[in-house]
Amino acid sequence: MPPLMGAGAFLMSEFTRVPYVDIVLISIFPAVLYFGVVYLMVHIAAVKQGMTGLDAAELPRTRTVLAEGWHFLLPLVALIALLVAGYSPMRVGFYAIGAILAAAAARALWTFATSGPSAAGFIALCRRGIALTLEALELGARNAVAVSMACAVAGIIVGVVGLTGLGLKFSAMMIAFSGGNLLLALILVVLASLILGMGLPVTAAYIVLIILVGPALTEEFGVPLLIAHLVVFWYSQDSNVTPPVALAGFAGAAIAGSKPMETSVQAWKYAKGLYLIPLFMVYNDEIILGGPLPLVLWSGAIAILGLVAFAAVLEAFLWRPMQLWMRVLLMPGIVALFWPSLSIEIAGAALVVALLALNWVQARRDRDDGAGLAA
C-alpha cells in the first residue's frame, strides 16, 4: 500500500528508471481497489454471520491514542517528505531511521521529565534505550539478510540469463505456449509466480520473474514497461496466500488459533483482487499511465463495479443472499467489464448494474416485509 510498498517497489524504481514517487502515485488507485474489495468481502462475511461492531464505549478514543503515540507519525511524515523532495531511497531510509531514533528518544525523555526525574531513573532510561537500540539494529540486520540474499542471487540469475540466452528461450516458449494471446500469456505468468513463490520470498520471486517474462510482455505483446513490472509485482504477492504453501495464511492461522489450511483457503478467496486488478491495468493502461479524463473516470468506475460484482459472486451475497442464476449472469458481465472494447464494457456495465440493483430491491422488500410482520 502506498506510500510504503516494500522492497520490491524500490527495486522496480531501479529497474525501470522511474522515480519511486511516480510509482507510488500510480499505485494508489489499484491499491485502494484491492483493499476495498478485501474490506467488502470481509464485511459481507460478517453480515452473513450476523456480526456487529463494538459499542461506542468500547472503542479506543482517537485523542487518547494520538496522545500516546503521535510521535511515531513523525518518521513517516519525514520519509514521505524526503521521497517527494527527490532524495534517493537509500538516503531516505537512513534519514527515516534517524528520525525514528530521535522521536523515540524525545518521547522517552519527555516521559522521564514529567514523571519525577532522578539520577537512578536517568541511568536506567539510558540503559534501556541502548538495549532497545541494539535490539532494533539486530532485527533490522536479520531482516535485511533475506533481501540482500535475494538481490545477490538475482545478480547471478541475470548473468546466467544474459550469457546463456535463457531469457530469449523462455520468452519464446511463453509466446509459443500462449499462441500470441496476451491473456494466456498472463495466465502463464500467474502460474510461474505461484511456483516461484512457493520457494522464494515475494521480492525474490518478482526479480526472477521479471527477468524471465518481462522481455516477452514488453517486446512481443506490447505491454508498457512499467505496467509489465507492476503486473509481475502484483502476481508475485499471491504466493503468500495460495495453498498449499501460504506463509501469510499460516501466520494468520497461528495468530487466530484457527486451522492453517482453512485459513489459507479463506485468505486465497479474499485476495482474488490480486488476479483481476493486474488484468485491468494491462487492458486499461490509461488509468495508470494517464489519458483523457473522461476515459480515466470511466475506467475507474467500471473497475470498482467489476470488483464489487466479483465479491458478490464469490460470497453469494451483497445486500441479501444472491440466487444462483444471478451469480451465473454476473460472471459474463464481469468479463465484459474487463474486455478492451467500449461497447462490450457498456453492455457489461448495464448487465451488472441491473443485477446488483435487483439484489438491492429484493433486500429492501425483505426489510419491508419483516417490518410489516413485526408490526
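Colleague: Let's start with one residue: is N359 buried or exposed?
Modeller: Happy to, and please remember that this is a predicted model. The relative accessible area of N359 is 0%. Buried means under 20%, so with 0% the word for N359 is buried.

Colleague: Where in the chain is N359 found, in which helix?
Modeller: Two things help to place N359. Leaving out residues up to four places away in sequence, N359 touches L318, W319, R320, P321, M322 and M326. N359 itself sits within residues 342-374, and that stretch is helix α17.

Colleague: Let's zoom out to the protein as a whole. How many helices and how many strands does it have?
Modeller: The C-alpha atoms fill a box of roughly 75 × 75 × 45 Å along the principal axes. Inside that box you will find zero strands, while the helices number 17.

Colleague: What percentage of the residues are buried?
Modeller: The protein has 375 residues to count. A residue joins the buried group if its relative accessible area is under 20%. N359, at 0%, belongs to that group. The group's share of the protein is 37%.

Colleague: And what share of the accessible surface belongs to carbon and sulfur atoms?
Modeller: Start from the total, which is about 21000 Å². The part of it that carbon and sulfur atoms supply is 73%.

Colleague: Which helix gives the largest share of the nonpolar patch?
Modeller: The patch is made of L4, L66, W70, L73, L74, L76, V77, I80 and V84, with about 800 Å² of accessible area together. Six of its residues come from one helix, residues 73-85. That helix is α4.

Colleague: L4 has a low number for that patch. Is L4 buried or partly exposed?
Modeller: L4 lies in the segment before α1, the helix of residues 7-16. Its relative accessible area is 41%. Partly exposed is the class between 20% and 50%, so the term for L4 is partly exposed.

Colleague: Now for charges. How far apart are the centres of the positive and negative sets?
Modeller: Side chains of opposite charge can pair when their charged atoms come close. In this protein there are 18 positive and 18 negative side chains. The centres of these two sets are separated by 7 Å.

Colleague: Which residue forms a salt bridge with K48?
Modeller: K48 is in helix α2 (residues 20-48). Its partner is 267 residues away, in helix α15 (residues 293-315), and the pair links distant parts of the chain. The closest N and O atoms are 3.4 Å apart, within the 4 Å limit for a salt bridge. The partner is E315.

Colleague: Do the two ends of that bridge differ in cover? Which class does E315 fall in, buried or exposed?
Modeller: K48 is partly exposed, at 43% relative accessible area. E315, by contrast, has a relative accessibility of 4%. Since the limit for buried is under 20%, the class of E315 is buried.

Colleague: Where do E138 and R142 lie, in which helix?
Modeller: The side chains of this pair meet in a salt bridge at 3.1 Å, N to O. E138 is partly exposed at 42%, and R142 is exposed at 56%. They are four residues apart, about one turn of the helix, and that helix is α6.

Colleague: What is the N to O distance in the salt bridge of R17 and E14?
Modeller: R17 is exposed, with a relative accessible area of 68%. E14 is partly exposed, at 43%. Their side chains meet in a salt bridge, where the N to O distance is 3.8 Å.

Colleague: What is the distance between the C-alpha atoms of Y206 and G50?
Modeller: Y206 lies in helix α9 (residues 202-220) and is buried at 1% relative accessibility. Beyond its neighbours within four places in sequence, its contacts include G8, L11, M12 and F15. G50 is 156 residues from Y206 along the chain, and the C-alpha atoms of the two are separated by 40 Å.

Colleague: One last pair: how far apart in space are G214 and R364?
Modeller: G214 has its place in helix α9 and counts as buried at 7% relative accessibility. In sequence, G214 and R364 are 150 residues apart. From C-alpha to C-alpha, the distance is 49 Å.

Methods:
Residues are numbered from 1 along each chain as its sequence is written. This is a predicted model: local features need pLDDT of at least 70, side-chain atom pairs count only at pLDDT 80 or more; totals for chains, interfaces and linings use all residues. Side-chain values use heavy atoms; hydrogens and water are left out. Patches are made of residues with over 30% relative accessible area and no salt bridge: like charges are joined within 9 Å, nonpolar side chains (Val, Leu, Ile, Met, Phe, Trp, Tyr) within 5 Å. Accessible areas come from the Shrake-Rupley method with a 1.4 Å probe; for residues, only the protein chains shown count as cover. Helices (H or I, at least four residues) and strands (E, at least two) are DSSP runs, numbered from the N terminus. Buried means under 20% relative accessible area, exposed over 50%, partly exposed in between (1.4 Å probe, protein chains only). Lys and Arg count as positive and Asp and Glu as negative; His and the chain ends are not counted. The place of a charge is taken as NZ of Lys, CZ of Arg, CG of Asp or CD of Glu. Contact means heavy atoms within 4.5 Å.
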